[in-house]
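Student: I have a model open and would like to learn how to read its features one by one. Could we go through it together?

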Amino acid sequence: MQTLIQNADLLGEGTLLDVLIDDGVIVALGRGLAHQDGATILDADRQTLLPGLIDVHVHYREPGFEQKETIATGAAAAAHGGFTTTLAMPNLDPVPDTVDHLMPLLAKNASDAKIHVRQFASLTQGRSGNTLVDFQALHDAGAIGFSDDGSGIQNALTMYQAMQAAAKVDAPIAAHIEDASLMQGGVMNAGRIADELGLKGIINQSESSQLARDLDLAAATGVHYHACHISTRQSVELIRAAKKQGVNVTAEVSPHHLLLDETDIHKDDPMMKMNPPLRSRADHLALIEGLADGTLDLIATDHAPHTAADKAGSMATAAFGIVGSETAFATLYTQFVESKMFTLAQLINWMSTNPATLFNLPGGRIAVGAPADLTLVDLTTPYTIDAADFLSKGKNSPFIGREVRGKVRLTLAGGQIAYQA
């Protein structure tokens with residue numbers, strides 16, 4: 001069955017076009033397009049049509065932690081935020097560290113999600129940081145890549161051997177970069193504000209020292225090394241230098257690290273607790289500069305839902321992490337595009353085109369022959385972010401109450417409606 005989207009402002013360029021979709025693929029772009037009798041007609045009403053957003057870093061908590069999120073609720077939240085493809089992390093129970101653990105998860109991703117959910121397998125058995133998984137078997141079974149996200153690999157030999165194995169099967173390693181010995185029980189960025197709040201701090205070097213090690217190992221192995229949620233100026237400098245040296249490194253930055261820094265923490269507020277933490281103003285500005293000059297390749301939410309109880313009380317005891325799927329586009333559009341710091345085209349490049357290209361995923365463009373993974377957004381009408389509107393089980397966001405523009409009206413994944421306002 002065909003679907004025809006009429007009167008869409010393609011990529012916000014001011015030109016109204018129609019998009020004809022057949023069997024999940026864009027088959028024509030233009031005006032007055034002929035279509036089959038009985039085709040589904042969707043009137044875009046002059047709103048902006050974008051390629052579906054792609055998030056390479058989410059946590060869906062199922063199996064093992066369904067009280068926080070399920071595949072169905074996480075994917076629904078992603079569709080609500082305009083995402084048509086997500087890459088889910090493996091910190092689950094059981095961990096997808098064998099084919100027997102991975103296959104049911106892949107099946108449930110396919111059956112329960114209205115968008116495309118791809119799955120990372122773990123790097124080590126049980127995410128223990130010790131014994132490596134069978135990279136070939138997991139890759140052949142359908143893992144998009146390998147990660148022990150939530151934990152840094154503490155042993156250099158383990159990481160070196162993991163990189164060798166991932167390079168052999170031409171799969172990326174997505175690294176949670178954290179030297180555990182330098183964390184020291186910290187819960188926010190080390191410095192004056194942590195001291196004033198009486199909270200333990202996390203120094204920048206807990207990230208950058210392990211990143212320096214990994215980049216050296218990546219240079220030696222040739223693996224596609226993807227650096228997750230970069231947060232420090234030192235890390236940006238290391239990645240910039242590595243890219244100049246030809247290291248096969250890509251890097252992501254999370255919306256919250258682009259939108260907030262430690263000076264936004266005015267009290268002991270668990271909604272401001274994430275790992276890596278909100279860093280200094282200088283780090284924050286370095287991330288924006290790194291994104292602008294191509295050192296950082298893409299934006300990924302690190303969507304991390306928790307129960308209300310998990311995020312209650314003090315930052316000293318609450319869980320790390322915030323949700324991001326339903327707020328990312330609107331907050332970034334409002335902060336950076338409306339201010340004219342960046343263009344909408346740049347934002348779409350970081351949130352759709354680059355993720356598709358760098359992870360060899362379908363999508364990321366609107367063209368004849370491309371998948372009908374599309375997002376329709378209202379860029380003009382302001383609204384206030386309200387947790388009651390979230391489709392995620394997690395309501396743990398520091399952006400609740402913020403007025404933004406960029407409300408998603410329609411999300412199509414493979415030509416099928418995944419979300420409609």
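Student: Let's begin with helix packing: which residues of α10 meet which residues in α11?

Tutor: Keep in mind that this model is predicted. On the α10 side, the residues are A328, F329, L332, Y333 and V337; they meet L344, L347, I348 and M351 of α11. By class, this contact has 9 nonpolar residues, with no polar and no charged ones.

Student: Is there a general idea behind the spacing along a helix?

Tutor: Yes. An α-helix has 3.6 residues a turn, so residues three or four places apart point the same way. With that in mind, look again at L344, L347, I348 and M351, the α11 residues that α10 meets.

Student: At what angle do the axes of α10 and α11 cross?

Tutor: Roughly 145°, and the axes come within 10 Å of each other. Here α10 covers residues 328–337 and α11 covers residues 344–358. The crossing is right-handed.

Student: How does the span of α11 agree with its 15 residues?

Tutor: Take 1.5 Å a residue: α11 should span 21 Å, and its end C-alpha atoms lie 20 Å apart, so the two values agree. There is also a local feature to look for, since α11 bends by about 45° at W350. After the helix comes N360, with a positive phi near 55°.

Student: Which residues in α11 are buried?

Tutor: Use a cut-off of under 20% relative accessible area for buried. Those in α11 are L344, L347, I348, W350, M351, S352, N354, P355 and A356. Their cover includes the helices α9 (281–292) and α10, as well as β5 (48–51), β6 (53–58), β7 (83–88) and β15 (298–299). W350, where the bend sits, is thus one of the buried residues.

Student: How many residues of α1 are buried?

Tutor: 8 of 10, which leaves the helix, residues 71–80, mostly covered. The buried residues are I71, T73, G74, A75, A77, A78, A79 and H80. Among the elements covering them are β7, α2 (99–112) and β8 (116–121), and also β19 (407–413) and β20 (416–420). Just after α1, G82 has a positive phi of about 95°.

Student: β7 has come up twice. Is T85 in that strand buried or exposed?

Tutor: T85, in strand β7, is buried, because its relative accessible area is 5%. Setting aside neighbours within four places in sequence, T85 contacts L53, I54, D55, H116, L361 and D373.

Student: What about a residue in a loop: where is F390, and is F390 buried or exposed?

Tutor: F390 sits in the loop between β17 (383–384) and β18 (403–404). With a relative accessible area of 8%, F390 is buried. Not counting residues up to four places away in sequence, F390 touches V323, E326, T327, I385, K395, S397 and I400. For a view of sequence against space, take F390 and G81: they are 309 residues apart in sequence, yet their C-alpha atoms are 9.5 Å apart.

Student: How far apart are the C-alpha atoms of A156 and H266?

Tutor: Those C-alpha atoms are separated by 38 Å, for two residues 110 apart along the chain. A156 belongs to helix α4 (residues 156–168). At 34% relative accessibility, A156 counts as partly exposed. Its contacts, leaving aside neighbours within four places in sequence, are R213 and L217.

Note on methods
Residues numbered from 1 in each chain as written. Predicted model: local features only at pLDDT ≥ 70, side-chain atom pairs only at ≥ 80, totals over all residues. Heavy atoms only, no water. Axes fitted to C-alpha atoms, helices over the stretch in contact; angles between N-to-C directions. Helix = DSSP H or I, 4+ residues; strand = E, 2+ residues; numbered from the N terminus. Left-handed = near helix turned anticlockwise from the far one by under 90°. Contact = heavy atoms within 4.5 Å. Nonpolar A, V, L, I, M, F, W, Y, C, P; charged D, E, K, R; others polar. Expected span 1.5 Å × (residues − 1). Bend = angle between axes of the 7 residues up to and from the residue. Buried < 20%, exposed > 50% of the residue type's maximum accessible area, 1.4 Å probe, protein only.
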